[in-house]
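The following paragraphs offer a guided reading of one protein model. Please keep the sequence and the structure in view while reading.

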Amino acid sequence: MFRILVILSIAFAFLAGCSKETHKIQLPEEMPEDFRFSISFGYGEDHKNEINTYNGTITKDLVTKGTASAALTFSNDELKTIYGKMKDIAILDEKQFPQKGNCSQTPSSTDSWKITVNGETKILSWTNEYCDMTKDANDLLELRSYIQKIVEEKDAYKALPAAEGGYD
C-alpha cells in the first residue's frame, strides 16, 4: 500500500510539473499610457485597409487605384471608449475563430489585429473564408466596424480619394 501511495505521489508531482501554464495578458481597469492597436483588413492576402495607432495613420484600399494613406489621431475619449469595448469582449483572452470545413466563400476577407497594453503585445488574425462564424470573430468584426465608423467621420479620412472597382 505504501509503495502505491509513493508511486501515485510521484506521478501527481510529475503531472503537476508538466502542466502548461499560459501567460495571460490582463487589461487593467484604466487604459494604460502605452495602449496602442492596429487593424489591417481586406480581401485576399493583401490587407490593404489599416487603422494604425502605432504610426498614427489610416490606409484605405482604393481597389483598382491602389491605396491612399493619411495621418490619423483618436481623441483620448475615443481611445478610452475603444479600450472599454476591448475589455468588454476580453480581447486578450484566447479566441476561437472559424476553422476550415465543408464550406468556403470567395472573395473572403482577413482581419489582423495587434494590441499593446502595459508593454505586452497580442496578435490576432481571422478570416471569414469559412462559413461558420464564431462569437469571437463576430465580436472582433463588430469592434472593427465600430472603430471604422469613428475613422470615417474624421476629416483626414474624408479627404482620401474614393475607391474604384470592386472584388469578385
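A suitable place to begin is V63, which counts as buried because its relative accessibility is 17%, and the limit for a buried residue is under 20%. This model is a predicted one, and the values given here are computed from it. V63 sits in the loop that connects strand 3 (57–61) with strand 4 (67–71). Which residue, 101 residues away along the chain, has its C-alpha atom 5.8 Å from that of V63? The residue is E164.

With this one residue located, the whole protein may be considered. The protein contains four helices and six strands. Followed along the sequence, these elements give the pattern α-β-β-β-β-α-β-β-α-α. The protein has 168 residues, and 38% of them are buried. The accessible surface amounts to about 10700 Å², and carbon and sulfur atoms account for 50% of that surface. V63 and E164 illustrate how residues separated by 101 positions along the chain can have C-alpha atoms 5.8 Å apart. For the protein in general, consider the contacts between residues at least 6 apart in sequence: 66% of these contacts join residues at least 24 apart.

Strand 5 deserves particular attention. Strand 5 comprises residues 109–117, and eight of its nine residues are buried. On one side of the description stands strand 1 (residues 36–43), which pairs with strand 5 in the antiparallel sense over eight bridges. Two positions allow the reader to trace this pairing: S40 is opposite S112 of strand 5, and Y43 is opposite S109 of strand 5. Strand 1 is also mostly covered, with six of its eight residues buried.

Strand 1 has a further partner. Strand 2 (residues 49–52) runs antiparallel to strand 1 and is joined to it by four bridges. Here F41 has N49 of strand 2 as its bridge partner.

Strand 5 likewise pairs with strand 6 (residues 120–127); these two strands are antiparallel and are joined by eight bridges. One of the bridge pairs consists of T116 and T121, the latter in strand 6. Strands 5 and 6 form a hairpin, with two residues between them. Within this turn lies N118, in the loop between strand 5 and strand 6. N118 is partly exposed because its relative accessible area is 48%, and a residue must be over 50% to count as exposed.

The backbone at N118 also merits a remark. Most residues other than glycine have a negative phi. N118, although not a glycine, has a positive phi of about 50 degrees. A90 provides another example, since this residue is not a glycine and has a positive phi of about 50 degrees. A90 belongs to the loop between helix 2 (76–88) and strand 5. With a relative accessible area of 27%, A90 is partly exposed.

Within strand 5, one residue may now be examined more closely. Is D111, which lies in strand 5, buried or exposed? D111 is buried, because its relative accessibility is 1%. D111 and F41 are 70 residues apart in sequence, yet their C-alpha atoms are 4.4 Å apart in space. Setting aside residues up to four places away in sequence, D111 touches S40, F41, L124, S125, W126 and R144. S40 and F41 belong to strand 1, which spans residues 36–43, whereas L124, S125 and W126 belong to strand 6, which spans residues 120–127. R144, in turn, falls within helix 3 (135–152).

The last feature to consider is the largest pocket. Rolling a probe the size of a water molecule over the atoms shows where empty space is left. The largest pocket has a volume of about 230 Å³. How many residues line this pocket, and which of them lie nearest its centre? The lining consists of 14 residues, and those nearest the centre are F41, G42, Y43, N49 and R144. Several of these names have appeared already: F41 and N49 are bridge partners, Y43 stands opposite S109, and R144 is among the residues touched by D111. Strand 1, strand 5 and helix 3 each contribute at least two residues to the lining. By character, the lining residues comprise six nonpolar, five polar and three charged.

Key. Residues are numbered from 1 along each chain as its sequence is written. This is a predicted model: local features need pLDDT of at least 70, side-chain atom pairs count only at pLDDT 80 or more; totals for chains, interfaces and linings use all residues. Side-chain values use heavy atoms; hydrogens and water are left out. Buried means under 20% relative accessible area, exposed over 50%, partly exposed in between (1.4 Å probe, protein chains only). Two strands pair if DSSP finds at least two bridges between them. Contact means heavy atoms within 4.5 Å. Accessible areas come from the Shrake-Rupley method with a 1.4 Å probe; for residues, only the protein chains shown count as cover. On a 1 Å grid over the protein atoms alone, a cavity is a set of points where a 1.4 Å probe fits but cannot get out, and a pocket is an open set with protein on both sides within 12 Å along at least five of seven lines; lining residues have an atom within 4 Å of a point. Grid points are joined across faces, edges and corners, and a volume is the space filled by probe spheres set on the points. Ala, Val, Leu, Ile, Met, Phe, Trp, Tyr, Cys and Pro count as nonpolar, Asp, Glu, Lys and Arg as charged, and the others, Gly among them, as polar.
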